[in-house]
Structure formats: structure tokens, C-alpha cells
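Visitor: I have a structure open in front of me and would like to know how its descriptive labels are earned. Could you walk me through some of them?

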Amino acid sequence: MTNGASLRLCSLACTLLLFAAGCATTPAAPPASRYFVDDPVDLLPDLGAALYVNVPRLRAEEALWAHLLERFTAEEDVEADRQRLRRFAEQAETLVVGLGPELGDDPSVLLVIRTRDVPIVSEAGLVLDAPTELGSDGFRRGQIGDDDLVVVDAYTAVIFEAGLRTAMAAVLSKQPGRRFKDEAAYQGLASEVAFGSAPVALLGVLPPRVLEQVNDRVPPAMRPLARAMSTVQYYGGLLDVGDAINLRLSLRGRSTNDMALLTGALILLKNALVSSNDEPELARMAAKLQVELREQILTLSYAMSRAELLEGVKGLRFDADEVEEEASPPRGEEI
């Protein structure tokens, strides 16, 4: 065998060995996700609306966060409970509140809570002081009052009312079914309201009967605006925090013509309020309201200072019974 043939044979052998070694090496498996679903929104079934709170974005605004935390914990009578809520709020990464598809007077409510790097279940097996047990499906389950609690992974828990049990069973079993992301409100408006990215964002479907109720209750002068609102199908809103506090409401209607009529009605109302001398504060707010129409989407924008927002937060009440009591007219013997 010539030296040239020997070299070619050695080269071929080395190539085959390297190829064989490459085929025999098992590629590294991708790291398993630490979550049952990467995006908490994927845990939501078919809903009428969902509010997404990006908690780290809010925590970054220290003054606003301190006021919110103070108002939230003020409803607890026991200091230990207040401390527990503060710790949990500091550990939270995502909070999603969902309302069932039937948006009536008492819709079913769902809550998704996700923490970062801090296990959601304590060493004693508790979530928000509720005991949990490992079920046959592999999830830890418990009850908070009458509501179901399911721990879907080490950092995520879902709390939901009985009306959503069937829908949540399908989500947890990863069976086919409608999800909130399938809804037109999500498909058409999620990017408009930075859903998941903004500090607070809301998406929902506007049921026709809600508009009918609004039309029945508004003063006669407002009824043309209420009728124009009947063309709205989906809505989305956000609160964004920057140099100023920006509030934005987006409404998506059936057609551009329908939304143009609504835009015209809103601009007429805005101009009337600005020109009014009866309510100077309302006139000032109306002047700052921006109205923009882009095809089928009407967007209302309002910017306020941090001081204005903090003043509004100070007036927040989380106790529904207290609000209802204040709103009730005095009884006859109290007049």
C-alpha cells in the first residue's frame, strides 16, 4: 500500500470514528420548565374578563406600592394576618383575577397567584394558611372558605369558585377546550393594553345585557352615548407607571363606522364638559382626556401625576360591606 493510500485510509477511518462518536452521544435534554405553564394566562379557561397584575412593576414604584399595601392590609384586624399578607405580597410575581363567562351580578371568580423563587406551599403544607393535601392527580389541593385551591407547581396556585370547577378540571388535565387566549378580546386587544407587561391590565368581553342595563340607568341626556356603546364588543385597559401615570381604555367594535359614531358622541360629550362652568374639576379632567380612533379600536387616554394617583389610592376601600353600608340611604327612623 502506498503512503498516499495509507493516509487516505487513515483519514477515512478517523472521519467514520468521529461520526460514530457523534451519533452515539445523546444530546442534552432541554431543561424542564419549573412551571406547569410558563404563562399564567394559559391557566385561564373561557372567561368574561381577566385582570393581570405584574407585581414587580408595581413594587418598583415604592410610594405607590406602600400605599396599596397599606390599604390592602388595613382590612385585617390581627397584626399577624397583616404581616402574612405583606410577606406574601413581597414574594408575589403575578396575580391574575378572572371573572366567569357569565358577567352577571355575581360572576364566578378565579385567582392565579405565582411567586418567584419562593415556594408557594410552606413546610407545613399551607398556602395562605389553608392546609393542602396531595391528590391522586399529583396536585396539592385544599379549600379557602368555599373556594377550591389547587397548587399546580411549586410556585403557582389557583383559587376558584365552584362555578368554574368543570372549566378548571379541563385546564388542569390539559384537555382540549376554550381558553381565555382563544377569545377575540385577547386576540384583538392584548397588545393594545400590554397584557402581562403593564403593571395592571384588563381584558374582557362586553355582554349586550350589560349595555342594556347601562342604557336603562343613565340620565336621558346620556342615552345617545349609551346607545352608541352598544356597538362595543371587547374592551381592554391598562395602568402604566412612568414619568406620569397613564390610564388607557381601548374599545373594539363591530366596524370602523360603528366606532366612528361612538367617537363622535364621546367628543361631543367631552367638549360639553370642558365648556361647562358647573363642575370645574370635571371640566379639567375632560380637557385632559385624549380620544383616538384607529380602524375598529377607540382608545381613551388620561395622564395624571403621581400625587393625583396616590390621593386616589388613599381613598380606596376594599371592604365591600363598608362601601355598601355607606351607599345605602338612611332608614326612616334615622332621617
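## How the labels are earned

Guide: Gladly, and let's begin with a helix and its neighbours: the buried residues of α5 pack against β3 (109-115), β6 (140-144), β7 (147-153) and β8 (156-160). Please keep in mind that this is a predicted model.

Visitor: Which residues of α5 are buried?

Guide: In α5, which covers residues 165-172, the buried ones are M168, V171 and L172.

Visitor: What makes these buried residues line one face of the helix?

Guide: Looking down the axis of α5, you find its buried residues within an arc of 90°, so they line one face. There is a general background to this: an α-helix has 3.6 residues a turn, so residues three or four places apart point the same way.

Visitor: What follows α5?

Guide: K174 follows α5, and its phi is positive, near 55°. Further on, E183 sits in the loop between α5 and α6 (184-189).

Visitor: Why is E183 called buried?

Guide: Its relative accessible area is 14%, and buried means under 20%. E183 therefore counts as buried. Leaving out residues up to four places away in sequence, E183 touches D46, L47, R178 and V205.

Visitor: Let's turn to a pair of helices. How are α3 and α4 placed against each other?

Guide: Helix α3 (residues 62-73) and helix α4 (residues 79-91) pack at an angle of about 140°, and their axes are 10 Å apart.

Visitor: Why is that pair called oblique?

Guide: Roughly antiparallel needs an angle over 145 degrees, and roughly perpendicular runs from 65 to 115. The angle here is about 140°, so α3 and α4 are oblique to each other. Their crossing is right-handed.

Visitor: Which residues meet there?

Guide: From α3 come W65, L69, F72 and T73, and they meet R82, L85, R86, A89 and E90 of α4. Sorted by class, this contact has 5 nonpolar, 1 polar and 3 charged residues.

Visitor: Now the loops. Where is A194, and what is notable about its phi?

Guide: A194 lies in the loop between α6 and β9 (200-205). Its phi is near 50°, a positive value in a residue other than glycine.

Visitor: Why is A194 called partly exposed?

Guide: The relative accessibility of A194 is 27%. Buried would need under 20% and exposed over 50%, so A194 falls in between and counts as partly exposed.

Visitor: What makes E295 exposed?

Guide: E295 has a relative accessible area of 60%, and the cut-off for exposed is over 50%, so E295 earns that label. E295 is in the loop between β12 (290-294) and β13 (297-304), and its phi, near 55°, is positive in a residue other than glycine.

Visitor: How do you know that R116 is partly exposed?

Guide: R116 has a relative accessible area of 46%, and exposed would need over 50%, so R116 is partly exposed. R116 belongs to the loop between β3 and β4 (126-127). Not counting residues up to four places away in sequence, R116 touches Q91 and E93. R116 and E93 are 23 residues apart along the chain, and their C-alpha atoms are separated by 5.8 Å.

Visitor: And for the whole protein, how many helices and strands are there?

Guide: There are 12 helices and 13 strands. Of the 335 residues in the protein, 36% are buried.

Conventions. Residues numbered from 1 in each chain as written. Predicted model: local features only at pLDDT ≥ 70, side-chain atom pairs only at ≥ 80, totals over all residues. Heavy atoms only, no water. Axes fitted to C-alpha atoms, helices over the stretch in contact; angles between N-to-C directions. Helix = DSSP H or I, 4+ residues; strand = E, 2+ residues; numbered from the N terminus. Parallel < 35°, antiparallel > 145°, perpendicular 65-115°, else oblique. Left-handed = near helix turned anticlockwise from the far one by under 90°. Contact = heavy atoms within 4.5 Å. Nonpolar A, V, L, I, M, F, W, Y, C, P; charged D, E, K, R; others polar. Buried < 20%, exposed > 50% of the residue type's maximum accessible area, 1.4 Å probe, protein only. Arc of directions from axis to C-beta.
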